[in-house]
Amino acid sequence: MVEQRAPVRHVPPPQRRPPPSRGRIAARRVLTLILLAGGLGLVGWLVVQGVGSIGGSDEPKKPQPVAAPPTLKIVFPEGFTREEMAARIRAVNTIARKKRKVSPKLSAQAYLRATASSKIPGKFAKDGKRRALEGFLFPSTYEFEPRTTSRQLVKQQLQAFQENWRQVDLGYAKSKNLTPYDVLIIASLVEKEVIAPEERGLVAAVIYNRLHAGMNLGIDATTRYGLHVPGTEPLHQSQLDSDNPYNTRNPNIKGLTPTPIANPGLAAMQAAAHPAKVDYLFFVRKPDHVHHFFTASESEFQAYADAHGFG
């Protein structure tokens, strides 16, 4: 039996294409790069457009200017005590919060603590003792910012004091054996007693003359300071008899007060260093409550005081 085989179909081998020429290869590469760049460009354009539609303008934002802190002011009149200055700070803080809508760091309590004790008075007195800064807190108008602290304000006042004190010639006071601290104390007494500017030198002269004569000063303002009696209240006999060291109405308490009784301005400092050349030992307020009657005679002083209801 003869086996029949399936017919065999001849399949010719695949014909190989001739390799492309170098020119064709270069052309293909150029075309590929063009298509790729175009595709990336389209994608990049789509990304930019998408980001732009989400985030807005692609321009850099300009930094917003920072608002400067508001400038505040506080006024300390001549003759204010440090406690009155602390009360003024409290009042200014209230105004700043209500009207300016800011809360200053200044604090009345911090101000009193910062001025309660210092070596500066001891250097002026030449005894080295620490004392309160009463007398050295120069009265003026001060500008400050909400972040200004009480210590920074005190520093400004001390700098203002130094600038003004340098204008005071202490030559005459030194010839009378007075220390710079003595002059500052006298200046504070002058500041509290005088309203009419032309009387500063006269009141200073009375103080110098009474110190030289070994008399008590007899100044009501010192008694009020030591006993915390407001000027709106009368002094009682028990207060005038007090042995408080500031009670210069007591005949047994002679010499200057232990410290200044207020913070004087430059005019009072200069008057305290250069008193008028007069022999007055007494003065009493006139009925206008502004000027004083001055005399070297105790009998004239008493007669004037009795005649005007001050006896």
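Contact here means heavy atoms within 4.5 Å. With that in hand, the helix pair H8 and H11 can be taken residue by residue in what is a predicted model. On the H8 side, Arg-200, Gly-201, Ala-204 and Tyr-208 do the touching, and they meet Ala-267, Ala-268, Ala-271, Ala-272 and Ala-273 of H11. Sorted by character, the residues of this contact come out as seven nonpolar, one polar and one charged.

As for how the two helices are laid against each other, the axes of H8 (residues 200-213) and H11 (residues 266-273) come within 8 Å, with a crossing angle of roughly 45°. That angle makes H8 oblique to H11. The crossing of H8 past H11 is right-handed.

Helix H7, spanning residues 180-193, tells its own story. Its 14 residues cover 20 Å from the first C-alpha to the last, close to the 20 Å expected at 1.5 Å a residue. What surrounds H7 shows up in its burial: 13 of the 14 residues are buried, so H7 is largely enclosed by the rest of the structure.

Stepping back to the whole protein chain, the count is 12 helices and four strands. The chain runs to 311 residues, and buried ones make up 39% of them. Turning to contacts across the chain with a separation of 6 or more, 63% are accounted for by residues 24 or more positions apart.

Technical notes: Residues are numbered from 1 along each chain as its sequence is written. This is a predicted model: local features need pLDDT of at least 70, side-chain atom pairs count only at pLDDT 80 or more; totals for chains, interfaces and linings use all residues. Side-chain values use heavy atoms; hydrogens and water are left out. Axes are lines fitted to C-alpha atoms, for helices over the stretch in contact, and angles run from 0 to 180 degrees between N-to-C directions. Angles under 35 degrees count as roughly parallel, over 145 as roughly antiparallel, 65 to 115 as roughly perpendicular and the rest as oblique. A crossing is left-handed if the near helix is turned anticlockwise from the far one by less than a right angle, and right-handed if clockwise. Ala, Val, Leu, Ile, Met, Phe, Trp, Tyr, Cys and Pro count as nonpolar, Asp, Glu, Lys and Arg as charged, and the others, Gly among them, as polar. The expected span of a helix is 1.5 Å times one less than its number of residues. Buried means under 20% relative accessible area, exposed over 50%, partly exposed in between (1.4 Å probe, protein chains only).
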